[in-house]
Amino acid sequence: FVLHLKDGKKSDVKHRPQKQICSPVLEHFDKQYSQELGDSWNSVKETLLSPSCWQYAVLLNRFRFCSKLERHLESLGYQSLFKGAPAVPQLAPQCYISRTQCRFPAQQHQPGRLKEYYLLNAASLLPVLALEVKRGDRVLDMCAAPGGKSVALLQCATPGHLVCNEYDGLRLRRLSKTLDSFIPEDLKSTIAVAHLDGRQFGHLQPEAYNKVLVDAPCSNDRSWLYSSDALQAAVRIAHRAQLPALQIQLLRSAIAALRPGGTVVYSTCTLSRAENSEVIARILNSCDSVHPVDLTELSKAFSDEFTLATGIPHGLLVLPDKDKTWGPMYVAKLKKSWTF
């Protein structure tokens, strides 16, 4: 099932017109999230409907470190995301954020030349930090495209083996290009790109990994609000009710592929309770081999940078908010029990 990484071709940058808010999706979100989030939904909605204020963090590539870039970021008012965060592992990636609505330019893919940085939603680093990858770990990134979390994992430590999996063919090509842009040749022997349905891993590779990340397909709130037409919106809304079943299947597969004593981190970029805490609750109620890991210390470490929802069982939920526009991002961590 392994595909070797190949050099991609440089793609042209195309300027797209400003997307319009999709009214059916907004109405659907209004109905659901006003119940689930209460008064917090008004602030979250205001942020989601103002893409011009969305922030992007700058994740530096340790394989092409540039001190000049760091100095330039600092001159623009950027600061380390992990500054003063005691609960963050020592091998945390170098990531810079700005408290203003500053947008750093993206870098284009150039075959044979590594990029210096990756732009991302800072909250998407939480699943990576929760996984706590260490040197020599066998790691599976089950739903890896477009590749940001795989890149971030490799900024933390060099695993013994990393499988970056993606089932969708178009997204698979994007994943391969991302890895080509950030990972040096001498490290690619430890990385495999797989093209499997994530639900197959538990059967095909039982207890093969000690760390698994399931960044599950979900109803992406940011992109769904800007669905291109009413028909696409209707299809997405109808499909939304089916997503928790898929997410549970992926998580069960991850647990089966996990060694005893290993950990799996589950994450989504939606606010939906049905796709977040309810998925974890159903797994815990039906699977005796795993138990939740408390993420309180991780939440405390980022309480100044992220707006975190209260009363979320088994995990963390980052809410997009004014001046802290990171998220949505849900993160939960499970540990597999030892069997004797």
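Q: What makes Cys143, Lys149, Ser267 and Thr268 contacts of Asp215?
A: Contact means heavy atoms within 4.5 Å, and Asp215 has that with these four residues once its neighbours within four places in sequence are left aside. Keep in mind that this is a predicted model, where local features need pLDDT of at least 70, side-chain atom pairs count only at pLDDT 80 or more, and totals for chains, interfaces and linings use all residues. Residues are numbered from 1 along each chain as its sequence is written, and side-chain values use heavy atoms, with hydrogens and water left out.

Q: Why is Asp215 called buried?
A: Buried means under 20% relative accessible area, exposed over 50%, and partly exposed in between (1.4 Å probe, protein chains only). Asp215 comes in at 18%, so buried it is.

Q: How do you know that the side chains of Asp215 and Lys149 make a polar contact?
A: They're 3.2 Å apart. A polar contact is a pair of N or O atoms within 3.5 Å; within protein, one must be able to donate a hydrogen and the other to accept it, and residues adjacent in sequence count only if both atoms are side-chain atoms. So the pair qualifies.

Q: Why is Pro146 partly exposed?
A: Its relative accessible area is 24%, so Pro146 falls in the in-between class.

Q: What about Cys269, why is that residue called partly exposed?
A: Cys269 has 23% relative accessible area, so the in-between class applies here too.

Q: And what makes Ser253 count as buried?
A: Ser253 has 5% relative accessibility, which means it passes the under 20% test.
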